[in-house]
Amino acid sequence: IEKALNGMNKPFILERPKIKEHGDVATSVAMVLSKELKKNPLEIANEIKDKVDSNKNLILKIEVVKPG
C-alpha cells in the first residue's frame, strides 16, 4: 500500500475485520485521503487496488466496497 500511495507518506492502519466474511485485513486509507486529494474515496481505493493487485504472489484478492 505504501508503494501505491506514491510516497505520500500518510499513516494508515491495517485492521482485522470483526466479521470474518469481510476479509483478512481492511483499511480506511482512501477515506483519509479523500479530503486532501479532493477525490471520491472509492476512486482512490480503486487506484490503490489496481497498483497493489499487480502482485499476486502476496495477495490473492482485493475488493473495494462502499463504507458502512
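A nonpolar core is a set of buried Ala, Val, Leu, Ile, Met, Phe, Trp, Tyr and Cys residues joined through side-chain atoms within 4.5 Å. Keep that definition in mind while touring this predicted model, because the core is one of the later stops and its members have to be buried to count.

Begin with the whole chain in view, where two helices and zero strands are found. Of its 68 residues, 15% count as buried, and if you display the accessible surface, the total comes to about 5900 Å², with 53% of that area belonging to carbon and sulfur atoms. Among the contacts with a separation of 6 or more, 28% are accounted for by residues 24 or more positions apart.

Next, select residues 29–37, which form helix α1, together with residues 41–52, which form helix α2; their axes come within 8 Å and cross at roughly 120°. In this crossing, which is right-handed, α1 passes α2. To see the contact itself, show the side chains of V29, A30, M31, L33, S34 and L37 on α1, and then add P41, I44, A45 and I48 on α2. Sorted by class, the contact of α1 with α2 holds nine nonpolar residues and one polar residue, with no charged residues.

Finally, select V29, A30, L33, I44, A45, I48 and V52, the seven residues of the largest nonpolar core. Which elements give two or more residues to this core? They are α1 and α2, and the largest share, four residues, comes from α2.

Technical notes. Residues numbered from 1 in each chain as written. Predicted model: local features only at pLDDT ≥ 70, side-chain atom pairs only at ≥ 80, totals over all residues. Heavy atoms only, no water. Buried < 20%, exposed > 50% of the residue type's maximum accessible area, 1.4 Å probe, protein only. Contact = heavy atoms within 4.5 Å. Areas by Shrake-Rupley, 256 points an atom, 1.4 Å probe, with all protein chains shown as cover. Axes fitted to C-alpha atoms, helices over the stretch in contact; angles between N-to-C directions. Left-handed = near helix turned anticlockwise from the far one by under 90°. Nonpolar A, V, L, I, M, F, W, Y, C, P; charged D, E, K, R; others polar.
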